There are 2 protein chains.
Amino acid sequence: MGQRKSGHVTLLDVARACGYSVSTVSIVLSEAPLSQNVAASTRERIRKMAQQLGYHPDAYARSLRRRRSQTIAVLAYDLSDPFCIPIVRGIQAGLQPANYLPLLMDTQTQRRLFDTYLKMILERRAEGVIVIASWIFEETDLLADIEKNHVPIVIVGRDLTGRKISSLFVDNEAGGALALRHLSELGHRKIAVIRGPEELFDSEPRWAGVRRAAEEAGIEIDPRLVFQLPNLTDPTSGFEGGLEFAKQILATLRPFTAVLAFDDLTALGVVRGLTEAGLRVPEDCSVVGFDDVLPAIVATPGITTIHQPLREMGLLAAQWAVQGIDAREIGKRNPARMHKALPELVVRKSTASLVSAKNRRRNKEQA
Amino acid sequence: MGQRKSGHVTLLDVARACGYSVSTVSIVLSEAPLSQNVAASTRERIRKMAQQLGYHPDAYARSLRRRRSQTIAVLAYDLSDPFCIPIVRGIQAGLQPANYLPLLMDTQTQRRLFDTYLKMILERRAEGVIVIASWIFEETDLLADIEKNHVPIVIVGRDLTGRKISSLFVDNEAGGALALRHLSELGHRKIAVIRGPEELFDSEPRWAGVRRAAEEAGIEIDPRLVFQLPNLTDPTSGFEGGLEFAKQILATLRPFTAVLAFDDLTALGVVRGLTEAGLRVPEDCSVVGFDDVLPAIVATPGITTIHQPLREMGLLAAQWAVQGIDAREIGKRNPARMHKALPELVVRKSTASLVSAKNRRRNKEQA
DNA sequence: ACGATTTATTCAAACGTTTGAATGTTGGTG
DNA sequence: CACCAACATTCAAACGTTTGAATAAATCGT
């Protein structure tokens, strides 16, 4: 007895053990509306027996019959990027109360894996898909297959409302402006800027924000102090890029008192490069990042940066996905939505006022 | 036509569309052994039609019938701990070729979530479970339910071979010894040690290794220089702990030239604390960490640390899990295995030779 | 020309649930 | 006492696959 061939206890096992039919047992254990009509004593007995036998409903059988998988796929471009984690956390928080299981998939920025997972999403009948964006999606409309099945899609980190996909992303323009304004308020005027890789959608608006704020502050950005990050392969390549930048710009002997880096990892690379050249942050040069990820927080000096409300974005994304499913369920149209999140300046120790910086001599010697 | 009620194309749709029976279509598309007997022209036709209709086999129906979910649950104690990521990556790499889908679950160090996920593992009929350990498992044998169903379990980060569970973990004793030996070889003798939280299994052996190496090197560890990290709640609490430590020990005015921290985040906290007190790392004080996580790599100075081969451990864990499933399939016993991974010293810039340290005066002034 | 083998395809049952409809009990009402 | 409702439980079909067994047709050896 006990152990059936499948190795799992089924409704039939429970039914036999307590002398009721499979139907009754199912009705009781799944708390179907009909269970109101089942005698309290019966319910009790069935529940106890199920517990005792260690019954757990088979999600596959259930999903097959109910035609609901209670699953939402979360497609992250790279889990090793600390950027992804708070978003994932937010998504989890949003899915939990609605009782959906997040099917967390890490494409590792590999196109091959992306395709594999896309297939799995279809096969596993995910009811919704949340995509944490990356350049992988640039060229392609890989998601078309999924849309065809009327599965709601939400993308975070990029604006795809143009393609009628609900999108959440930070206001990069505002963020870039915040960063520059902070530096200008500290008195910096010779500001070097590291622009993001071309394939990243954040790069352009961020740069636009920087330019706008510079203009507003009456600061002219010397094009010879503007660098461009190469297309990145993994999250740490931002660090390499920042390091490389520092070496190159110091070699030109061109004077500057602050660096506005594309993201936190880049900023950390810059700090490393400057430090190795004997400069101090922030005394000799201020550095500001973007994103507010863990490494920027625990580094010394802590990196002044532009915080993105990632967790909140993830939470909202999850809620949208659930609402999208609900809407479809009752046959309602669910138009693409958009949320542009407000970035916030977080001041730490990697930036300092130009006038109060104790030692500007060093920088001058270099220049 | 086309769109059936479930909203997904089924075998029946394909069968009707090309005039064969469901069986034939199934045999062809699932590449069953019988498909050899199917005329090449038929195969061709069916495949084309399936492609055209956008058919994707329903994983639920398939799993139900085959009694295989092709799924392995990965239970991580906290995805926001950079420690977890390389392990997860390794697991993914190990599962990919065997064609299992990792069901990635993040308990966020919450007991409640842990229970929820455990239930889901059972319901979703995961064929194996890989646990990335934490103190959550301390008290309990929550996994008993899973073992009861003869689902192979592998745990990484802790030795549970005593409970007949396959385990992979780093040789903490050796790692602790490596760290201390490094410092002693640099000439340090007054070494402060930050021990891990009591609830963490790594803490004790690591400390034992430190003591052994100290003895071998003829160094006496001043008990007044030994601190104990409180039980942590989230990954960043290590950082707070290190910071707190630095403040406290500097207040005692007791002299020391190096700090051996429990892990990298703690080390980063120490660096912050020392720096804020006006000390320089490594000139005034060396700091060594443990784990070799991203923040330690990109900080400046880079943290000298003990590297754990996390990716390799994850890979092996995945392979063990798959082998465990295979063994069960053919009715073979699968005894618990154990792998103690070798840690490696990674020298960066947070440690320096005592004699070459340019400026010991500062430290003396403090002491 | 006939049974035996090979080749090509289909039948039908099963996997473990859920659920609309049906059945069998009560007890109460006209 | 026949009829109806409310209550308690069960039947049986369905969800979309897979697969051992069955069927049908063609090929072959004798």
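**Exercise 1. Describe the protein surface around DNA strand C in this predicted model.**

Solution.
Step 1: find the nearest residues. Around DNA strand C there are 30 residues, and those that come nearest are A:Leu11, A:Ser26, A:Arg62, A:Arg65 and B:Thr24.
Step 2: sort these surroundings by class. The surface near DNA strand C has twelve nonpolar, ten polar and eight charged residues.
Step 3: turn to the DNA side. Among the atoms of DNA strand C within 4 Å of the protein, 64% are sugar or phosphate atoms, and bases supply the rest.
Step 4: list some phosphate contacts. A:Tyr55 places a polar side-chain atom 3.1 Å from a phosphate oxygen of DNA strand C. From chain B, a polar backbone atom of B:Ser21 is 3.0 Å from a phosphate oxygen of this strand, and a backbone N or O atom of B:Ala39 is 3.2 Å from a phosphate oxygen.
Step 5: assign the secondary structure. Two or more residues each come from helix H2 (22–29) and helix H4 (59–66) of chain A, and from helix H2 (22–29) and helix H4 (59–66) of chain B.

**Exercise 2. Carry out the analysis for DNA strand D, and state which atoms of B:Leu11, B:Ser23 and B:Arg65 approach the strand.**

Solution.
Step 1: find the nearest residues. DNA strand D has 28 residues around it, of which A:Thr24, B:Leu11, B:Ser26, B:Arg62 and B:Arg65 come nearest.
Step 2: sort by class. The surface near DNA strand D consists of ten nonpolar, ten polar and eight charged residues.
Step 3: split the DNA atoms. Sugar or phosphate accounts for 67% of the atoms of DNA strand D within 4 Å of the protein, the rest being base atoms.
Step 4: go through the three residues. B:Leu11 uses a polar backbone atom, 2.7 Å from a phosphate oxygen of DNA strand D. B:Ser23 has a polar side-chain atom 3.5 Å from a base oxygen of the strand. B:Arg65 likewise offers a polar side-chain atom, at 2.2 Å from a base oxygen.
Step 5: assign the elements. H2 and H4 of chain A, together with H2 and H4 of chain B, give two or more residues to this surface.

**Exercise 3. Characterise the contact between chain A and chain B.**

Solution.
Step 1: count residues. Chain A contributes 61 residues to the contact and chain B contributes 61.
Step 2: state the area. The two chains bury about 5,500 Å² between them, with 57% of it on carbon and sulfur atoms. In chain A, the residues losing the most area to chain B are A:Tyr60, A:Arg125 and A:Thr300, together 14% of what that side buries.
Step 3: count polar pairs. Six salt bridges link chain A and chain B, and 26 residue pairs are in polar contact. One of the salt bridges joins A:Arg89 to B:Asp78, with the closest N and O atoms 2.5 Å apart.
Step 4: locate the contributing elements. Those of chain A that give two or more residues include helix H5 (84–95), strand E2 (101–106) and helix H11 (264–276). H6(A) gives the most, with seven residues.
Step 5: sort by class. The side of chain A that touches chain B has 27 nonpolar, 20 polar and 14 charged residues.

**Exercise 4. Is B:Thr266 buried or exposed?**

Solution.
Step 1: place the residue. B:Thr266 belongs to helix H11 (residues 264–276) of chain B.
Step 2: apply the cut-off. Buried means under 20% relative accessible area; B:Thr266 has 0% relative accessibility and therefore counts as buried.
Step 3: list the neighbours. Leaving out residues up to four places away in sequence, B:Thr266 touches B:Ile194, B:Leu229, B:Gly238, B:Phe239, B:Gly242 and B:Ala261.

Notes: Residues numbered from 1 in each chain as written. Chains lettered and ligands numbered in written order. Predicted model: local features only at pLDDT ≥ 70, side-chain atom pairs only at ≥ 80, totals over all residues. Heavy atoms only, no water. Near = heavy atom within 4 Å. Polar contact = N/O pair within 3.5 Å; in protein donor to acceptor, adjacent residues only side chain to side chain. Helix = DSSP H or I, 4+ residues; strand = E, 2+ residues; numbered from the N terminus. Nonpolar A, V, L, I, M, F, W, Y, C, P; charged D, E, K, R; others polar. Contact = heavy atoms within 4.5 Å. Buried area = accessible area lost by both parts, 1.4 Å probe. Salt bridge = Lys/Arg side-chain N within 4 Å of Asp/Glu carboxyl O. Buried < 20%, exposed > 50% of the residue type's maximum accessible area, 1.4 Å probe, protein only.
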